[in-house]
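These are my notes from a session with one model. I went through side-chain pairs, burial and strand pairing in turn.

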Amino acid sequence: MHALDWLWHFDAPQMSGESLRDWLLGTPLLIVIVIVFGLAVRWLIFRAINRGVTVMQRNQERRGSPGGQRIVRPADELETERRKQRALTVGALLKSITTVVTAIVIALTVMAMLGVPLAPLVTTAGVGGVALGFGAQSLVKDYLSGISMIIEDQYGVGDVIDTGQAIGTVEEVTLRITRIRDAQGVVWYVRNGEILRLGNKSQGWANARVDVPIRYDQDVEKALNVLRKVAKDFADDDTWNAVLVEEPDVVGVDSVAGGAVTLTTILSCLPGQQLPAAREFRARVKVAMDNAGIVMAAAPPAAGAVVPPPGRDRQT
């Protein structure tokens, strides 16, 4: 009724030419000024966001040790592209929020200038907002979690993550859900609000542990020298040098048990490259040990296997 009364009183009076001109130079002009001012503020905010996105894209920090040896290196072009996409995503999100907020402020201001009572509208919107908040708590939680994940760059498309519910490669990230494909090809749709813990296997670097068991009666120091030589040659190989974060670390003797001495080497690689690097390193170690005359220890029996006592024939 309030809106109808306002329209009735607005149309009822007969305006003269002078009063109409005064009215047009009053409220309508102020409305135009408010709209122009709001659009100008939106344009300024957009410009600031664009500058921020440009700065984020240019700040590709590369870290290295004082001697020039790599300690932690991003995945070069893929990591750079990912950071650019993240900056664009954050910029688009901020622009959308700015547009919505600016439109609401302009609309409320114009309605107030036209004399439309805002109290019933605000009350209705408040009640509706409370009802929507109670009825869609999980949906709001998913969106807020999605915004936080994108801004914080917890993971991105192509990363291998562990959400506690599924482990696999991220195929799509939205504000509400994350789509993951596991090793068996199953596609998982995980709501962002339900991810309580997250393990990202594709950020920074990854370690691979290579254990080399030799017989107890072999020369340990000779075997360690062979490992160090293999590690150096492996790091000097251009193919694997691009994968390694730093030169393989020959830790030394890890255990002495079961008639075998286990020698351990740690490979620090780019994310997702630790398994191929470990396989290649083991193959090179096997060849080098054979050439050096060092006998490798037999593999230990599988868990639960029955080993017959020494000197007693096995019964079939």
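For the charged pairs I took a salt bridge to be a side-chain nitrogen of Lys or Arg within 4 Å of a carboxyl oxygen of Asp or Glu. The model is predicted.

**Entry 1. Salt bridges**

I searched the whole structure and found 15 salt bridges. I looked up three of them.

I began with Arg191 and Glu194, whose side chains meet in a salt bridge at 3.4 Å, N to O. Arg191 has 30% relative accessibility and therefore counts as partly exposed. Glu194, at 35%, is also partly exposed.

I then checked Glu172 and Arg179, which form a salt bridge of 3.3 Å, N to O. The relative accessible area of Glu172 is 34%, so Glu172 is partly exposed. Arg179 is partly exposed too, at 24% relative accessibility.

Next I took Arg209 and Asp254, a salt bridge in which the closest N and O atoms are 2.8 Å apart. Where do Arg209 and Asp254 lie? I found Arg209 in strand β6 (residues 206–215) and Asp254 in strand β7 (residues 249–257), so the pair ties together parts that are 45 residues apart in sequence. Arg209 is partly exposed, with a relative accessible area of 42%. For Asp254 I noted 43%, which again means partly exposed.

I also asked which residues are joined into one network by salt bridges that share partners. They are Glu171, Glu172, Arg179 and Arg181.

**Entry 2. The β3–β4 hairpin**

I turned to strand β3 (residues 177–181) and strand β4 (residues 187–191), which pair in the antiparallel sense over five bridges. Ile177 has Arg191 in β4 as its bridge partner. Arg191 is the residue I had already noted in a salt bridge with Glu194.

β3 and β4 form a hairpin with five residues between them. In the turn, I noted a positive phi of about 90 degrees at Gly185.

**Entry 3. Thr264**

I looked up Thr264 in strand β8 (residues 260–269). Is Thr264 buried or exposed? Its relative accessibility is 2%, so I entered Thr264 as buried; the cut-off is under 20%.

I listed what Thr264 touches, leaving out residues up to four places away in sequence. The list is Arg209, Val210, Asp211, Asp249, Val250, Val251, Gly252 and Asp254. Thr264 thus touches both Arg209 and Asp254, the two partners of the 2.8 Å salt bridge in Entry 1.

**Entry 4. Aromatic pairs**

How many aromatic pairs does a search of the whole structure find? I found two.

One is Phe234 with Trp240, which is stacked, at 5.4 Å centre to centre and 20 degrees between the planes. Phe234 has 0% relative accessibility and so counts as buried. Trp240 is buried as well, at 15%.

In the other pair, the rings of Phe234 and Phe281 have their centres 5.5 Å apart and their planes at 80 degrees, so I entered the pair as edge-to-face. Phe234 lies in helix α7 (residues 220–236) and Phe281 in helix α9 (residues 274–292); the pair therefore ties together parts that are 47 residues apart in sequence. Phe281 is buried, as is Phe234.

I closed the entry by recording Phe234, Trp240 and Phe281 as one aromatic cluster.

How values were computed. Residues numbered from 1 in each chain as written. Predicted model: local features only at pLDDT ≥ 70, side-chain atom pairs only at ≥ 80, totals over all residues. Heavy atoms only, no water. Phe/Tyr/Trp six-rings, centres within 6.5 Å; stacked < 30°, edge-to-face > 60°. Buried < 20%, exposed > 50% of the residue type's maximum accessible area, 1.4 Å probe, protein only. Helix = DSSP H or I, 4+ residues; strand = E, 2+ residues; numbered from the N terminus. Contact = heavy atoms within 4.5 Å. Pairing = 2+ DSSP bridges.
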